[in-house]
Amino acid sequence: MREALPDAEEMTAYDMPGFRMRGTVVASYAAFSKQVGLYVLAPAIADHADEIAEAGLKASKTGVTFSPHQPIPGDLVTRLAVASGYHAVV
């Protein structure tokens, strides 16, 4: 995500590492006992809903959860981060 969000500030909120742009948290992540979560802005999830579903991942309004044994594809992480960063500055 650092490469996808070069202008973002690294931060921690709600005990999760992530990235902030113009005061808005645009991406964060957390590992739990049975799943991992990637959290981005809601419009980024909406923009990529079809790709998320095609990858067999679960999505909420602002997050994608997945098993550590079946991780989210790296290129999808990049697209979600870029979209989230874009929506933060528009």
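**A note on Ser84, the core and a surface patch**

1. The side chain of Ser84 comes within reach of the backbone oxygen of Val26, at 2.5 Å; a polar contact here is a pair of N or O atoms within 3.5 Å, where, within protein, one must be able to donate a hydrogen and the other to accept it, and residues adjacent in sequence count only if both atoms are side-chain atoms.

2. Before going on, please keep in mind that this is a predicted model, in which local features need pLDDT of at least 70 and side-chain atom pairs count only at pLDDT 80 or more, while totals for chains, interfaces and linings use all residues. Residues are numbered from 1 along each chain as its sequence is written, and side-chain values use heavy atoms, with hydrogens and water left out.

3. Ser84 belongs to helix α3, residues 74-89 (helices are DSSP runs of H or I with at least four residues, strands of E with at least two, numbered from the N terminus). With a relative accessible area of 0%, Ser84 is buried (buried is under 20%, exposed over 50%, partly exposed in between, with a 1.4 Å probe and protein chains only). Not counting residues up to four places away in sequence, Ser84 touches Val26, Val40, Leu41 and Ala44 (contact means heavy atoms within 4.5 Å).

4. The largest nonpolar core holds 24 residues, and Leu5, Ile72 and Leu80 have the most contacts inside it (such a core is a set of buried Ala, Val, Leu, Ile, Met, Phe, Trp, Tyr and Cys residues joined through side-chain atoms within 4.5 Å). Helix α3 gives the largest share of this core, six residues.

5. Lastly, Val90 lies in the segment after α3 and counts as exposed, at 68% relative accessibility.
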